[in-house]
Amino acid sequence: TFFLGLMKEQVPEKANALQEVVEKHRITFRTNEREERCFFTVDYDTSEITIGLRGAARLMAHSFAYTCAHYGLLRKIQRQIQGRFEQRHYDKCIANASLILQWAISGDVESRGALPDKVGLPICPPVNLMVAFEESVPKDKQDIAAEIYSNAIAWLLFHELSHLELGHDDCDGFESIQQEKDADHRAT
């Protein structure tokens, strides 16, 4: 599957071990494009990892916003060293990062029911946000955002897979918190 391939791509030296874990636990992957609140979840009974596409789109927006802001800051420092700082370009990068983040964060807030009168956000960021990203980051640097996004998605998949590998189950309270920490540690 696409998601297993993405995970193997991030840790090629462990691809065989990863395949063994997936086969041993009969792990399957599915996407959910309807549910706002579904981000990444695991069903302990079926060993199914669900990827919420709306949440994943918001994560992508965060990756793109970070790249805009980071590139703007790097360029600012570089230009200051060269004595050619342009405040306008830096301000534009930060403003564009802010636009992208505003879309992602309003989606996160909305998905938690804090904005009950709103209708669900589209699954993908609007075109104007992609234009804002492209205006801020040169073409030869735009792959950085995709790499950040791929790494984040893969880590989240490893986190959910870790729950299954560690034999976790549905629980509450301290035990749940400990399971999350254990899955974080294993995924890392």
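In this predicted model, F40 sits across from I51 of β3. A little further along, T41 faces T50 of β3. These two pairs belong to the contact between β2 and β3, an antiparallel arrangement held by 4 bridges, with β3 covering residues 48-52. The two strands make up a hairpin that leaves 4 residues between them, and S47, which lies in the turn, has a positive phi of about 60°.

T50 of β3 also has a partner in R30, which stands opposite it. That pair brings in β1, which runs parallel to β3 and is joined to it by 5 bridges. In general, strands of a sheet pair through backbone hydrogen bonds, and the pairing can go either parallel or antiparallel. Put together, the 3 strands give an open sheet ordered β1-β3-β2, with mixed pairing. The edges are taken by β1 (28-32) and β2 (40-43), each of which pairs on one side only. Going from one strand to the next, the twist averages 25°.

Helices pack on this sheet as well. Helix α3 (residues 53-82) touches β1 and β3, and its direction makes about 55° with that of β3. Helix α6 also packs on the sheet, touching β1, β2 and β3, and here the angle is about 20° with the direction of β2. As for β3 itself, 4 of its 5 residues are buried, so the strand is largely enclosed by the rest of the structure.

Zooming out, the protein chain has 7 helices and 3 strands. Along the sequence these follow the pattern α-α-β-β-β-α-α-α-α-α. The chain runs to 188 residues, and 39% of them count as buried. Among contacts in the chain with a separation of 6 or more, 59% link residues 24 or more positions apart.

Next comes the question of empty space. Rolling a probe the size of a water molecule over the atoms shows where such space is left. The largest pocket comes out with a volume of about 300 Å³. Its lining is made up of V11, K14, A17, L18, V21, F158, L161, S162, E165, R186, A187 and T188. Three helices each give two or more residues to that lining, namely α2 (15-24), α6 (143-165) and α7 (173-187). The largest share, 4 residues, comes from α6, the helix that also packs on the sheet. Sorted by class, the lining holds 7 nonpolar, 2 polar and 3 charged residues.

Helix α7 deserves one more look, this time through D182, which is found in it. What does D182 touch once its neighbours within four places in sequence are left aside? The contacts are with L166 and H168. D182 counts as partly exposed, because its relative accessible area is 31%, a value that falls between the 20% limit for buried and the 50% limit for exposed. From D182 to S162 the C-alpha to C-alpha distance is 8.1 Å, with 20 residues separating the two in sequence. S162, in turn, is one of the residues that line the largest pocket.

Conventions
Residues numbered from 1 in each chain as written. Predicted model: local features only at pLDDT ≥ 70, side-chain atom pairs only at ≥ 80, totals over all residues. Heavy atoms only, no water. 1 Å grid on protein atoms, 1.4 Å probe; cavity = no way out; pocket = protein on both sides within 12 Å on 5 of 7 lines; lining within 4 Å. Points joined across faces, edges and corners; volume = space filled by probe spheres on them. Nonpolar A, V, L, I, M, F, W, Y, C, P; charged D, E, K, R; others polar. Pairing = 2+ DSSP bridges. Axes fitted to C-alpha atoms, helices over the stretch in contact; angles between N-to-C directions. Contact = heavy atoms within 4.5 Å. Buried < 20%, exposed > 50% of the residue type's maximum accessible area, 1.4 Å probe, protein only.
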